[in-house]
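Please open the model in a viewer and keep the sequence panel in view. The tour below proposes a series of selections and describes what each one shows.

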Amino acid sequence: MAHMAGTHLLMAKILYGCGLRLMECVRLRVQDLDMDRNILYVRDAKGGKDRTTVFPQLIQAELRLHLERVKRLHDEDIAKGLGEAYLPTALAKKYPSASREFRWQYVFPAKNLSQDPRSEATRRHHVLESGLQKAVKAAVDKAGITKRVSCHTFRHSFATHLLENGSISGWFRS
């Protein structure tokens with residue numbers, strides 16, 4: 001991680017600190033963060049299930065600064081008559097104005113607006129996962145690590161370090 005910077009570093013810290021899969025991180029919404037309780041909610045994860053995970057206090061200040069920038073970007077989009085985030089169809093019908101609320105915005109929004117091919121609405125989607133993948137690969141190369149490392153390695157490291165520290169030993173009784 002010493003060879004990463006900016007948003008990609010923050011994303012890598014979240015992958016490792018919360019044990020997230022790549023797309024779970026990319027698709028995080030503002031409302032999925034509960035920093036007061038040190039919890040992160042993962043919605044519609046693998047198998048279509050929701051779960052909660054720990055959210056480390058060490059990265060909360062950095063994430064709060066990031067969210068301030070995201071809020072400014074969202075406010076600019078709203079001022080231009082835009083500012084919608086994609087919502088699943090059932091939610092979009094039930095809460096028609098929710099897509100413009102800050103809590104529904106992606107934590108890691110794309111730099112540019114794009115046209116949704118389904119609805120033809122112009123909105124800001126989440127970042128592409130390939131950016132983080134390339135940043136991790138570049139950092140691994142700069143560090144001279146010869147083992148295979150990917151974004152998913154952070155998830156395995158999260159679980160391994162919890163086991164080593166005895167945090168989840170009670171889950172594995174024979």
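Begin by selecting Leu33, which stands opposite Leu40 in β2. The model on display is a predicted one.

Next, extend the selection to the strands β1 (33–34) and β2 (residues 39–42). These two strands pair in the antiparallel sense over two bridges. They form a hairpin with four residues between them. Within that turn, select Asn38, whose phi is positive at about 60°.

From β2, proceed to strand β3 (residues 51–54), which runs antiparallel to β2 and is joined to it by four bridges. To locate one position in this pairing, select Val42, whose bridge partner in β3 is Arg51.

Now select helix α3, residues 60–79. Its 20 residues should span 28 Å at 1.5 Å a residue, and the end C-alpha atoms are 28 Å apart, which agrees.

Which residues of α3 are buried? Select Gln60, Leu63, His66, Leu67, Val70, His74 and Asp77. Viewed down the axis of α3, the buried residues fall within an arc of 115°, so they line one face of the helix. An α-helix has 3.6 residues a turn, so residues three or four places apart point the same way.

To see what covers the buried residues of α3, display α1 (6–18) and β1, which are among the covering elements. Then rotate to the face of α3 turned away from its buried side, where the exposed residues Ala61 and Ala79 are found.

Finally, select Gly81, which follows α3 and has a positive phi near 85°.

Definitions and conventions
Residues numbered from 1 in each chain as written. Predicted model: local features only at pLDDT ≥ 70, side-chain atom pairs only at ≥ 80, totals over all residues. Heavy atoms only, no water. Expected span 1.5 Å × (residues − 1). Buried < 20%, exposed > 50% of the residue type's maximum accessible area, 1.4 Å probe, protein only. Arc of directions from axis to C-beta. Contact = heavy atoms within 4.5 Å. Pairing = 2+ DSSP bridges.
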